[in-house]
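Colleague: Could you take me closely through one part of this model, the surroundings of the ligand, and set out how the protein meets it there?

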Amino acid sequence: MTRPELGVVTHRVGLATLAATGVLIVLGGLVTNTGAGLAVPDWPSTFGHNMFLFPWSQMIGGVFYEHSHRLVGALVGLLTLVLAAALWREGGRLRRLGLVAVAIVLVQGVLGGLRVVLQQDTLAIFHGSLAQAFFALLAAVALLTMPRGRVELHATGMTGAPE
Ligand code: HEM
């Protein structure tokens, strides 16, 4: 694979991670606004089940919001790992951003879990705020990994069809 192609793949993984995080933040807002924050009382298990094996038939009411939030959180964590690996292959300064993203997503997951286990509102505030910072970081990565040709066309305003 040539280097420019790899750049496109990294950019797309960055966009996918950004989009999934947007959905996750909306779900997080739903968890808070429906008061479903403690609908699932345990963590990292879900009512004693492995979270990935929790029966779909029991995803009702607040449990639906809380557990979906956890599942999409796991997906975002996985995508962040793939993104960091892609940035690592690219080399350069973006490598560090990938590592920072992995660190933030891990802290974010643990904060969410501790919110459930310790039942501290303060943790929910940190959790909600860090989510926005994580989203901003992913937006920066998506922008910085935009293929060079497209960035130059945008900068010169030559993105339309030739006249
Ligand atoms: C990258 C991962 C995650 C992101 C970006 C994220 C984002 C958010 C956001 C934006 C909120 C709404 C906060 C507010 O309205 O002020 C929220 C709420 C919440 N999240 Fe997460 N979350 C993530 C992972 C997790 C995980 C793994 C758990 C595990 C249990 C979790 C548990 C919760 C809980 C319980 C709430 C409700 C807090 C409350 O209102 O009391 N989150 N999350």
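**The iron site and its surroundings**

Modeller: In this predicted model, the six donor atoms around the iron atom of the ligand subtend angles of 87 to 180 degrees, and the arrangement is therefore octahedral. The protein donors to that iron atom are His69 and His127, each through its NE2 atom, at 1.9 to 2.0 Å. Because His69 belongs to helix 2 (residues 62–90) and His127 to helix 4 (residues 121–144), the pair ties together parts that are 58 residues apart in sequence. His127 has a relative accessible area of 19%, and since buried means under 20%, this residue counts as buried.

Both histidines also have polar side-chain atoms beside nitrogen atoms of the ligand: for His69 the distance to such a nitrogen is 2.8 Å, while for His127 an N or O atom of the side chain lies 2.7 Å from a ligand nitrogen. Around the ligand, the shell draws two or more residues from each of helix 1 (3–33), helix 2, helix 3 (94–118) and helix 4, and helix 3 gives the most, with seven residues. In total, 22 residues surround the ligand, and the closest are Gly28, Thr32, His69, Arg115 and His127. Of these, Thr32 places a polar side-chain atom 2.9 Å from an oxygen atom of the ligand. As for the wider setting, the ligand sits in the largest pocket.

Technical notes:
Residues are numbered from 1 along each chain as its sequence is written. This is a predicted model: local features need pLDDT of at least 70, side-chain atom pairs count only at pLDDT 80 or more; totals for chains, interfaces and linings use all residues. Side-chain values use heavy atoms; hydrogens and water are left out. Donors are N, O and S atoms within 2.8 Å of the metal (3.2 Å for Na, K and Ca); water is not among the atoms, so sites may look incomplete. Four donors count as tetrahedral if all angles lie between 85 and 135 degrees; four count as square planar and six as octahedral if opposite donors are over 155 degrees apart and all others between 65 and 115; anything else is irregular. Helices (H or I, at least four residues) and strands (E, at least two) are DSSP runs, numbered from the N terminus. Buried means under 20% relative accessible area, exposed over 50%, partly exposed in between (1.4 Å probe, protein chains only). A residue is near a molecule or strand if one of its heavy atoms lies within 4 Å of it. A polar contact is a pair of N or O atoms within 3.5 Å; within protein, one must be able to donate a hydrogen and the other to accept it, and residues adjacent in sequence count only if both atoms are side-chain atoms. On a 1 Å grid over the protein atoms alone, a cavity is a set of points where a 1.4 Å probe fits but cannot get out, and a pocket is an open set with protein on both sides within 12 Å along at least five of seven lines; lining residues have an atom within 4 Å of a point. A molecule sits in a cavity or pocket if more than half of its atoms lie within 2 Å of its grid points.
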